[in-house]
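User: I'd like to learn how to read a structure like this one feature by feature. Could you walk me through it?

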Amino acid sequence: MRAQSSATGTAAIAVGGAPAEDSATGGTLQAALGVVAFSLTFPATAWGLEGFGPWSLVAVRSVLAAAIAGGCLLFLRVPLPDRRHRAPLAVVGAGVVLGFPLLTTLALQTSTTAHAAVVVGLLPLTTALLSALRTGTRPSRTFWLAALVGAAAVAAFTVQQSGGALTAADAYLFAALLVCAAGYTEGGRLARLMPGWHVIGWALVLCLPLTLPVAAVALALEPVRLTAHSVTGLLWVAVGSQFLGLVVWYRGMAAIGIPKASQLQLAQPLLTLVWSVLLLGEHLPVAAPVTAVAVLVCIAVTQRARG
């Protein structure tokens, strides 16, 4: 009887001695904060492109984020990651430090933020699929149905707003979708073995041998105009999107699981549209409130569905 009571008590305790329910709530909150940070990425990138070339913007944002992350790692004397973790960290770096920022920045040169938001609308489903293949998790049918409905709603909304015509930027966007989902999946797995900020911190540092010389060359070749918008946009994508947003995002994924955390991103395109109206002066489509309700319902279902 005592053994049964002990087992029950142990099962109710999450990592660190906190109740499992509190841990899940905290994880959901952190993942949601990450989504809010990411929702500002496209408008901030549009601002950054007012004064920087695409290669300069991507390389400098990575260098600045790496400087912050490296300084924190050095100050706290965090040991080097185990050799077995370096390959997954390379995937994180290739996906979320280099691939996604570069591909979406190139797309935003010719695409509006509303059209580019389709990539984030489909990202949760892609991340859940890659996670299931990579980790062997088997979310319920209810989870998959809600995820598919939510992704379809967001995709239909964003494609309809772009007039239904695919552009040259779509190749960049779909490639960004795949590399980012891979980076999220590997980062989420690593965040169960080390603190979330260590994951993105080491990924940024590992990319420095590439991003530092690219930044130097790009700044020399591409024109630079330092304005309030361009500097603010650069600082946000470097500090908010590239570092702080990913820190809370990976912590959230470690707490509630990759599939459930990924579905919170269904709200990201709609948040991006709101920021686009407020910051870029873009027109908010009439269909946005309807899509928002559909997405929020899908998020509620995926969070309740058993993984």
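What follows is a tour of salt bridges, nonpolar cores, a surface patch and a few single residues.

Analyst: One thing before we start: this is a predicted model. Ask away.

User: Let's begin with charges. How many salt bridges does the structure hold?

Analyst: The general idea is that side chains of opposite charge can pair when their charged atoms come close. Here the structure holds three salt bridges. In one of them, R134 and E186 meet with 2.6 Å from N to O. That pair ties together distant parts of the chain, with R134 in helix 6 and E186 in helix 8, 52 residues apart.

User: Is E186 buried or exposed?

Analyst: E186 counts as buried because its relative accessibility is 7%. R134 has a relative accessible area of 43%, so R134 is partly exposed.

User: And which side chain meets R189 in a salt bridge?

Analyst: That would be E186, at 3.0 Å from N to O. An α-helix has 3.6 residues a turn, so residues three or four places apart point the same way. In this case E186 and R189 both sit in helix 8, three residues apart, or about one turn of the helix. R189 is partly exposed, since its relative accessible area is 29%. Put the pairs together and you get one network of R134, E186 and R189, joined by salt bridges that share partners.

User: Which residue forms a salt bridge with D82?

Analyst: R84 does, and the closest N and O atoms of that pair are 3.8 Å apart. D82 is partly exposed because its relative accessibility is 40%, while R84 is exposed because its relative accessible area is 59%.

User: Now the inside. Which residues of the largest nonpolar core touch the most other members?

Analyst: In soluble globular proteins, nonpolar side chains tend to be buried together. The largest nonpolar core here has 67 residues, and V96, Y184, I200, W249 and Y250 touch the most other members. Helix 6 (residues 113–135) gives the most to this core, with nine residues. Take Y184 as a case: leaving aside neighbours within four places in sequence, its contacts include F38, V96, L123, W249 and Y250. Another core, of seven residues, lies apart from the largest one, and F52, L57, A59 and A215 are among its members.

User: What about A107: where is it, and what does it contact?

Analyst: A107 is in helix 5 (residues 83–108). A107 counts as buried because its relative accessibility is 0%. Not counting neighbours within four places in sequence, A107 is in contact with A169, Y172 and L173.

User: And H198, buried or exposed?

Analyst: Buried, because H198 has 14% relative accessibility. You'll find H198 in helix 9 (residues 196–221), and H198 touches L73 and V78, if you skip residues up to four places away in sequence.

User: Last stop, the outside. Which residues make the nonpolar surface patch?

Analyst: The patch covers about 480 Å² and is made by L64, L219, V224, L226, V231 and L235. L64 is partly exposed because its relative accessibility is 32%, and L64 is found in helix 4. That helix (residues 54–75) has 22 residues and reaches 32 Å from its first C-alpha to its last, close to the 32 Å expected at 1.5 Å a residue. Just after helix 4, R77 takes a positive phi of about 55 degrees.

Note on methods. Residues are numbered from 1 along each chain as its sequence is written. This is a predicted model: local features need pLDDT of at least 70, side-chain atom pairs count only at pLDDT 80 or more; totals for chains, interfaces and linings use all residues. Side-chain values use heavy atoms; hydrogens and water are left out. Helices (H or I, at least four residues) and strands (E, at least two) are DSSP runs, numbered from the N terminus. The expected span of a helix is 1.5 Å times one less than its number of residues. Patches are made of residues with over 30% relative accessible area and no salt bridge: like charges are joined within 9 Å, nonpolar side chains (Val, Leu, Ile, Met, Phe, Trp, Tyr) within 5 Å. Accessible areas come from the Shrake-Rupley method with a 1.4 Å probe; for residues, only the protein chains shown count as cover. A salt bridge is a side-chain nitrogen of Lys or Arg within 4 Å of a carboxyl oxygen of Asp or Glu. Buried means under 20% relative accessible area, exposed over 50%, partly exposed in between (1.4 Å probe, protein chains only). Contact means heavy atoms within 4.5 Å. A nonpolar core is a set of buried Ala, Val, Leu, Ile, Met, Phe, Trp, Tyr and Cys residues joined through side-chain atoms within 4.5 Å.
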